[in-house]
Amino acid sequence: PTKPPTNVMADFIFDDGLTGQVNAYALSENAAVNTSHTYSTLGTYLVTVNCSNHVSWQVFSTTVDVLETLMNLTAETDALSTDGLLVAPTDANVTFRAKVEAGNRVRYEFDFDPLNVSSTYIPINVQSEMGKSVAVSQIFVDPNMYSVMVSASNLVSELLPITVCHLTIERKIIETETVFD
């Protein structure tokens with residue numbers, strides 16, 4: 001078996017202008033070189049560690065994503081309100097918007113669930129890299145009542161689904177020729 005290196009010096013480069021140095025003398029076989037660092041700005045950073053002793057050196061690197069915890073998911077729609085009910089005609093393009101008060105790299109999932117039949121609509125997933133809000137459009141072809149839900153998540157947190165609205169989709173009244181006898 002290979003014996004672990006001895007007298008190792010580890011220089012950490014955190015990609016935000018700061019560095020750290022750890023002296024790790026006489027490492028055992030299962031020893032690890034540990035350090036900690038706090039980033040002051042959200043983003044993706046390349047962390048590099050240069051390990052060396054008097055006879056050799058090795059460089060290791062990995063990326064670190066600094067994310068913000070999600071807070072306060074809200075949503076709305078541009079569907080028409082008639083007597084307190086949200087209604088849209090079949091084949092209408094309805095827009096839904098969602099946003100979080102805090103968080104980055106947000107993944108939103110919109111779900112369009114018919115209230116009285118099995119779903120034929122595939123949920124829409126939208127990624128918001130830097131911004132905290134998104135807008136999606138959906139065309140409803142089947143008349144029905146729909147419960148529109150949205151949830152938000154990133155790698156460090158998840159917000160439970162909220163109801164955007166209950167939406168009724170109705171067929172348009174089509175003008176036809178009527179003959180009276």
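The following exchange goes through confidence, one buried serine, aromatic pairs and backbone angles in a predicted model.

Residues are numbered from 1 along each chain as its sequence is written, and side-chain values use heavy atoms, with hydrogens and water left out. Because the model is predicted, local features need pLDDT of at least 70 and side-chain atom pairs count only at pLDDT 80 or more, whereas totals for chains, interfaces and linings use all residues.

Student: In which strand of the protein chain is confidence lowest?
Tutor: The score is pLDDT, the predictor's confidence in each residue, from 0 to 100, and its mean over the protein chain is 81, with 78% of the residues reaching 70 or more. Strands here are DSSP runs (E, at least two residues), numbered from the N terminus. Where pLDDT is low, the predicted coordinates should not be read in detail. Confidence is highest in strand β5 (residues 71–77), at 92, and lowest, at a mean of 64, in strand β2 (residues 19–24).

Student: Which backbone atom does the side chain of serine 157 reach?
Tutor: Serine 157 sits in the loop between β12 (144–153) and β13 (158–170), and it counts as buried because its relative accessibility is 14%, where buried means under 20% relative accessible area, exposed over 50% and partly exposed in between (1.4 Å probe, protein chains only). Leaving aside neighbours within four places in sequence, serine 157 is in contact (heavy atoms within 4.5 Å) with Glu68, Thr69 and Leu70. At 2.8 Å, its side chain reaches the backbone nitrogen of leucine 70.

Student: Is the aromatic pair of tyrosine 39 and tyrosine 45 stacked or edge-to-face?
Tutor: Rings of Phe, Tyr and Trp (its six-membered ring) pair if their centres lie within 6.5 Å, and planes under 30 degrees apart count as stacked, over 60 as edge-to-face and the rest as tilted. The whole structure holds six aromatic pairs. Tyrosine 39 and tyrosine 45 lie 4.2 Å apart centre to centre with 20° between the planes, so the pair is stacked.

Student: What is the angle between the planes of phenylalanine 140 and tyrosine 146?
Tutor: Phenylalanine 140 and tyrosine 146 are both buried, and ring pairs link them with Phe96 and Phe112 into a cluster. Their own pair is tilted, at 4.8 Å centre to centre, and the angle between the planes is 50°.

Student: What is the phi of aspartate 91?
Tutor: Aspartate 91 is found in the loop between β7 (85–89) and β8 (93–102), and is exposed because its relative accessible area is 53%. Although aspartate 91 is not a glycine, its phi is positive, at about 65°.

Note on methods
Helix = DSSP H or I, 4+ residues; strand = E, 2+ residues; numbered from the N terminus. Polar contact = N/O pair within 3.5 Å; in protein donor to acceptor, adjacent residues only side chain to side chain.
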